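Please open the structure in your viewer and keep the selection tool at hand. The tour below moves from one chain to the next, saying at each stop what to select and what is there.

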Amino acid sequence: MSTKEYFLPRSAGEAVQLLAEHGPSLLILAGGTIAMPLINEGVSFPERVMGLRHAGLSGIGQDGGTFTIGACTTISQVLAWDAIPTLQQAAHNVAGWSIRNMATVGGNLFAPPPAGDLAVMLLALDADVKLANSTSERIVPLKDFYTGFMITALEPGELVTEIRVRKPAGETVYTKFGRKKANTPSVVTVAAHLMLDGDTVKDARIALGAVGPHPFRSTKAESALVGSALGEETIARAATLAAEECEPIADAIASEWYRRKMVSVILSRALAQLLN
Amino acid sequence: MTVQDLKVVGQSVLRRDGLGHVTGKTLFVEDRSFPDMLHLKMVRSPLPHARIRSMDFSAAENVPGFVRALTYKDVPKNIYTILCLIGVGPDEEPVLAEDKVLYVDQPIAAVIAETEAAAMEAVSKVRLDLEELPAVLDVEEALEPGAPILKDWGTNYFIYDYEHGQSNKCRKVRLGDVEKGFAEADLIVEGRYQTSPIEHAPSETTICIAKPEADGRLTVYTNTQALYFSLDNTALILEIPFQKLHFVGGTVGGGFGGKVDVITEPIACLAAMKTGRPVKYKFSREEEMRASSSRGAWRMYYKDGVMRDGRIVARQVTSYADAGAYNRHTPYAVTKHAANVAGPYRIPNVRIDAHCVYTNRQPGSAMRGFGVTPASFALEVQMDKIAEAVGLDPWSIRFINAYRDGDMKPHQKVVEDATLIEVMQAAAEMVGHDLPAEFKKMSSRESEEGSDG
Amino acid sequence: MAKVRGTGIAAVNYPTGMNLGGDPSQALIHATTTGSFVISLSSTDLGQGLKTVIAQIGAETLGVPFDTVWIDTGDTDTGPHCMGTFASRATHRVGNAVVQAAQEARKTLMEVAADELEANPDDLETDGEGNIRVKGSPDRSVAIVNVALAAHFKYGKTISGRGIYSKPKSGVDPDTGKMDPDSTEAHACTVAEVEVDTETGMVTVLSLKSAYEIGRQVNPELVRSQIGGGSFMGMAHALYETTAPYYPAIDHAPTDFSEYLVPGPAEAPETESVVLEYPSSTGPYGVKGLGEMTANSPIPAIVNAINHALGVRITDLPVTPEKVLRALEEKATAH
Amino acid sequence: MASTIVSFTLNGREVEVIAKPLVTLQTVLREQLGYTATKSGCKKGGCGSCTVLLNGDPVMSCLLPVADIAGQEVVTLEGITPVDGLHPIQTTFYEKFAIQCGFCTPGMILVAKALLDRNPHPSAEEIADALSGNYCRCTGYTPIVRAVQHAAQQMATD
């Protein structure tokens, strides 16, 4: 192990202090499921590492009408929390059991595609992210948190401390489509939240994963839905627009061509679940 | 001896190693550790085809725990071919790359360090100056004029039969007169089939630990599938007497053919000899997937002459095995393939041309089904195509052509122990497919036309 | 959502061993004075169960209980030469060597027992429970441990045996390919049933039903283990596995299990198999090789089932969902 | 190189180890304490051969800095093996031929134990889902799923 120091801060305050002290070269581990493989494999040789397991950032609480999910809450803890069933479903679709016991909600925001599926559901739920540095905190909508491939709105010295989400007012649906039934990398992940007034879509949030540099909202699909009656034609139009709008990755699991096709098929199927 | 007389054979006695497995007490290679053990990691090529201009170890040498590096200059007989033990030649694969690399992740230099982490860090600091060369990745493109030539002898294919004073560009199998068969056939059915390279993906990656002993010998703990094969090749590469080596193994965390190469032992032994200390060389999962050999990909072209009643009267197969950059076991797999690619069918006229072709990819080698798995895939999909062409169902086309004891196989071996008909009859019964009476009464023991029943 | 089903069959042969370079294996057996027998080898158990089936073959030939036969293998200082575990050869080759070694050891065992029982060796039999008795006179019996002790301390004899299996090396005729590369042929026929989602191209293997013929089963549960694992591997090869997802290009070569796609327990199809036994003339107790063949019939059976379901002819492995969709598009434009 | 002393409970006993920065539980178990039932198959959390139970939950010990688990409870396969005989899950893996090469077996058995501790009567689908992070190349998984089902029955009647 070439790492010279491993810090285990006992509070969020201590964590951001360490971050301020050591700057951006301090590697941050939450669950360790993204960074540890790179260290074990000899891809990354960090001199200083900070582990957040004991920084008091784990657990789910409530702040008025908002649920607060500590950044180091494990995926398994989310799976055991039943306030938002589609979020539970999304948690169940992350990796295998042992990884879910380690990986965290905050860490999942930094997983490069095709991973990072939980965030797709969080985007559809219009979640916010709380960021803290050694002097202040701020809240950023998750949709503005992602700014590029492996780039976020996080400023130097800042740490994600909390994910904030409200109980969905409308209907939600989530589908992670992979080539295996369990523990599968994503071909495309789809999450949607629709406010319906009768058949008419009043508001729509359509989030996609594994088909862009990061999880994102398909504004074109959303526009196609809002104001229209939710029916097969509307769904088909939204699905086509989402497929046009996405920028799928190509990897060992699926090509760009196949992922784009599946955006349309899987989004259509997901939205069709909300018919009637 | 009849089944009734057998007391132990035929009984499902519990596994001898079962208690060790379920308690975790089975000792795999990596479960042994020795004081003073060093770790070896490999500097590998980032490019599929390149000339090596220079290597610079100065930054690597400064990594705490660095012990030493090994290059091809340290390897006594650096160029080898694993099947030299059974007369296959010429030597063509470097243990460590010399002036060029032919595939991504080809080993170039070994780094020995006090810890695995130090070895990995030192590897990351070795600077390579490479000149990228055009790569050839497709087997048929590799055989075209103008393709970059990978082998010193000037071809991108293995030369067969040099031991007979011939230089054949493929393994040939000939039975009867295939052109006459095509001329007589009612129709011709052709097909192109392609398989993909596949990783053995054993749970336990390839590993060995070489340990110098007081008497000057080396004990090598290894998960090779073939102890003597590994021992003999290691001695030849190191140019040391065979009896200097003592190989210990026999317990392997999955092989599937991937541990028949002799890849870790020679360099680990060399490292142990140079340092006088035990040396562990274990593939990471990434090395197991990308650097260790794979099941090679195959491309096969079938051309069959078929009668309207379904009989195949002529079969021509042209196959290209993608050996990747080096021989490993592929020249031998091609021969096994050539003997079996016409399938378990009675076909009077057969022509097989099976090529072993080099490309700039990780070497193919042995894997479960060695040359026959791709053949079985291609020919059984082709059988369905023939069935459709003559308007028969998939069962009928196979029964009509099934080989029986006494038939002649394309490689001129008389068929014995045939039971193709019997397994098809049993499978049909399993799925409730009612076979016509003529197929139900067929037997592999009746080789004369029309004599059954 | 359109789901269609198809059925496909494939029938295959598989050769046992490969002796174009010579393919020998040796075994040594000796009795200890504790009543056990040790079989010394340098062969490798890859998980298929060689250490178990070789002990069974040794016990059978010696006529002694299975749990008195020990396998000492995996050491080139103590075990005689073995080519290795590959080519579906181990049970056949090593088994033959063990039979030969056990026969030699048994001969001395019976001679010493005959001296102890004051009988003719030809009149003796082993009871399979650790004793040697006079045929027809069960009360005239001696424990094998006592025979071993007597051989060592009283008669100065070793109860031991040497065995080798060696099929003459075959060459290949350069012009005709005439050769004799193997020792026998095993066979298999698989019927696969699949369901294909025509919108996603996803294939689900519903069932694999197979008949295998492997000469003689030494251990039926270990045979089932090979069949189960091998047919699953065949399914994985047919639908998922590749180190070059864009072959012949080398882009996106997988580096770990999140990129190298292999199915998991949720993908395991319903698998049923029957095993036929037509003992071979060359194998120990009629054995043929099994290990490799088990992956071979499921692959084309699954591909044929997909082609049957869709009315297309996909001929590239693995049959990914993308290839299914492209084949369907090609079919649609052709019509 | 600031090594620290970390103590935790291993198979019911207190252990204390000198831990280099970021050293994993896997490395400590295998190389410092000699508990080699915990295997090392990929070091990337992808194969499950290094599974241990942390406070009863299965985790990948290759990704877990040992410093993180100070004061917590770790159980390895050695810890569920009775002094005399086998755990019922070990028995069914052995008797139902749910093993081949044996390399994935420790991880499989520990995940099965964690599952049966929570859900004494899992369906085949639930077993498959629980085991989906554990890789086996030999068996095709079906014998393993069946062995877990048999173990569940066995443990219910015992």
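What percentage of the contacts in chain D with a separation of 6 or more is accounted for by residues 24 or more positions apart? In this predicted model, such residues account for 60% of those contacts in chain D.

**Chain D as a whole**

Begin by selecting chain D and colouring by secondary structure, which shows six helices and five strands. Read from the N terminus on, these elements of chain D follow the order β-β-α-β-β-β-α-α-α-α-α. The radius of gyration of chain D is 16 Å, close to the 15 Å that the globule rule gives for 158 residues, so chain D is as compact as a globular protein of that length. If you align the view with the principal axes, the C-alpha trace of chain D spans about 50 × 30 × 25 Å, and buried residues make up 65% of the 158 residues.

**The two domains of chain D**

Next, colour residues 4-76 of chain D as domain 1 and residues 88-157 as domain 2, following the domain assignment. The centres of these two domains of chain D, taken over C-alpha atoms, are separated by 22 Å. Where they touch, domain 1 of chain D contributes 14 residues to the contact and domain 2 of chain D contributes eleven residues. On the side of domain 1 of chain D that touches domain 2, strand E3 (51-54) and strand E4 (57-60) each supply at least two residues, and E3(D) gives the most, with three residues. Coloured by class, that side of domain 1 of chain D has six nonpolar, six polar and two charged residues.

**From chain D to chain C**

Now add chain C to the view, and select the 17 residues of chain C that are in contact with 20 residues of chain D. On the side of chain C that touches chain D, H4(C) gives the most, with six residues. The residues on this side of chain C divide into six nonpolar, nine polar and two charged.

**Inside chain C**

Hide chain D and colour chain C by its division into domain 1, made up of 3-16 + 184-334, and domain 2, which covers 25-165. Between the centres of these two domains of chain C, taken over C-alpha atoms, there are 39 Å. Their contact takes 17 residues from domain 1 of chain C and 13 residues from domain 2 of chain C. H4(C) appears again here, giving the most to the side of domain 1 of chain C that touches domain 2, with three residues. Before leaving this chain, go to the loop between H4 and E11 of chain C, where C:Pro248 lies, and inspect the peptide bond from C:Tyr247 to C:Pro248, which is cis with omega near 5 degrees.

**Where chain C meets chain B**

Bring chain B into view and select its contact with chain C, which takes 101 residues from chain C and 96 residues from chain B. Among the elements that each supply at least two residues to the side of chain C that touches chain B are strand E1 (3-15), helix H1 (50-62) and helix H4 (220-239). By class, this side of chain C has 48 nonpolar, 35 polar and 18 charged residues.

**A strand of chain B and its partners**

Within chain B, select strand E11 (residues 207-212), which is mostly covered, as five of its six residues are buried. E11(B) pairs in the antiparallel sense with strand E14 (residues 279-282) over four bridges, and in E14(B) the bridge partner of B:Ile207 is B:Lys282. E11(B) also pairs in the antiparallel sense with strand E12 (residues 218-222), over five bridges, and here B:Pro212 has B:Leu218 of E12(B) as its bridge partner. The hairpin of E11(B) and E12(B) has five residues between the strands, and B:Gly216 in that hairpin takes a positive phi near 90 degrees.

**Backbone details in chain B**

Three loops of chain B complete the tour.

- Select B:Pro90 in the loop between strand E4 (79-80) and strand E5 (93-94) of chain B; the peptide bond from B:Gly89 to B:Pro90 is cis, with omega near -5 degrees.
- Select B:Asp36 in the loop between helix H1 (18-23) and strand E1 (38-44) of chain B; B:Asp36 is a residue other than glycine with a positive phi, near 70 degrees.
- Select B:Ala201 in the loop between strand E10 (187-194) and E11 of chain B; phi of B:Ala201 is near 50 degrees, again a positive value in a residue other than glycine.

Are B:Asp36 and B:Ala201 buried or exposed? B:Asp36 is exposed, with 11 other C-beta atoms within 10 Å, whereas B:Ala201 counts as buried, with 25 C-beta neighbours inside 10 Å.

Terms used: Residues numbered from 1 in each chain as written. Chains lettered and ligands numbered in written order. Predicted model: local features only at pLDDT ≥ 70, side-chain atom pairs only at ≥ 80, totals over all residues. Contact = placed C-beta atoms within 7 Å. Nonpolar A, V, L, I, M, F, W, Y, C, P; charged D, E, K, R; others polar. Rg over C-alpha atoms; globule rule 2.2 N^0.38 Å. Buried ≥ 20, exposed ≤ 12 C-beta atoms within 10 Å, placed from the backbone. Domains from an automatic or database assignment. Pairing = 2+ DSSP bridges.
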